[in-house]
Amino acid sequence: MKGDLFSSQHVVRPAVEPGMSVENAKCIKYAVSGEMYARQGAMVAYRGDLRFERKGQGVGGMLKRAVTGEGLPLMAVRGQGEAWFAHEAQNCFIVEVEAGDQFTVNGRNVLCFDASLSYDIKTVKGSGIAGGGLFNSVFSGQGRLGLVCDGNPLVIPVSAQAPVYVDTDAVVGWTAHLETSLHRSQSIGSMLRGGSGEAVQLILRGEGYVVVRPSELTPQKDQH
């Protein structure tokens, strides 16, 4: 069989070590040797002796999902083999979470992660239910976290001298030790349309980084 489709650009390469790697811009490959976790429905192909099981979140997790609506529906992947994960042809990236560190990320941007990482759904400090009810997944431990983003993300440094204001529909995540609060302002888009709506920005202060998608969330993409 010949043609560009069967060139080395598209044919997958054998895994050189267990764990997560970027197969291409739209897909993450995971060489499973034991156990890992992924969002339900994200597996697009696999080979080897692998089992896929819905991961229970316990009573506490179920209550959080009911209250927050955030939800991070997961499946456990166990065994020996290779699996490929993707979501709506979004761009894929890997974050290395180090011991003692934390990374806060919107649940809709989580694709897969190492079993050595733990996560919890928490209210974004400074928001609260009345302030918009912002809930994100906080990852800790040591391991790799696979993320998806609609477009190439912006990684903006945050410093004590230069806080960053981010649209709440565009924020992907941020590093530990950043303080958050909400800021309401007149929506520029609403002003252009002659409306009087308010926009809500998340303010991040401290020392670290915030990751932003290069567009606001559209209704058809509002999926967890």
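**View 1. Strand β4 and its partner β3.** Two strands count as paired if DSSP finds at least two bridges between them. In this predicted model, strand β3 (residues 43-54) meets that rule with β4, because 11 bridges join the two in the antiparallel sense. Look for F52, which stands opposite V77 in β4.

**View 2. Strand β4 and its other partner, β2.** Here we stay with β4 and turn to strand β2 (residues 27-39), which runs antiparallel to β4 and is joined to it by 12 bridges. β4 itself spans residues 74-85 and is mostly covered, with 10 of its 12 residues buried. As a general guide for reading such a view, side chains in a regular strand alternate between the two faces of the sheet.

**View 3. R78 and E35, opposite each other and bridged.** On the β2 side, E35 stands opposite R78 in β4. Their side chains also meet in a salt bridge, at 2.7 Å from N to O. This pair links distant parts of the chain, since R78 belongs to strand β4 and E35 to strand β2, 43 residues apart. How buried or exposed are the two partners? R78 has a relative accessible area of 23%, so it is partly exposed, and E35, at 29% relative accessibility, counts as partly exposed too.

**View 4. E82 and R47, a salt bridge between β4 and β3.** The side chains of E82 and R47 come together in a salt bridge of 2.6 Å, N to O. Again the pair links distant parts of the chain: E82 lies in strand β4 and R47 in strand β3, 35 residues apart. E82 is buried, because its relative accessible area of 11% falls under the 20% cut-off. R47, at 42% relative accessibility, counts as partly exposed.

**View 5. A network of salt bridges.** Widen the view from E82 and R47, and two further residues join in: salt bridges that share partners connect E23, K29, R47 and E82 into one network. Within this group, E23 forms a salt bridge with K29, and their closest N and O atoms are 3.4 Å apart. Both E23 and K29 are buried. Counting across the model gives 7 salt bridges.

**View 6. G107 in a loop.** Our last stop is G107, found in the loop between β5 (91-105) and β6 (110-114). Is this loop residue buried or exposed? G107 is buried, because its relative accessible area is 3%. Look also for S137, which is 30 residues from G107 in sequence and 5.8 Å from it in space, C-alpha to C-alpha.

Key: Residues are numbered from 1 along each chain as its sequence is written. This is a predicted model: local features need pLDDT of at least 70, side-chain atom pairs count only at pLDDT 80 or more; totals for chains, interfaces and linings use all residues. Side-chain values use heavy atoms; hydrogens and water are left out. Buried means under 20% relative accessible area, exposed over 50%, partly exposed in between (1.4 Å probe, protein chains only). Helices (H or I, at least four residues) and strands (E, at least two) are DSSP runs, numbered from the N terminus. A salt bridge is a side-chain nitrogen of Lys or Arg within 4 Å of a carboxyl oxygen of Asp or Glu.
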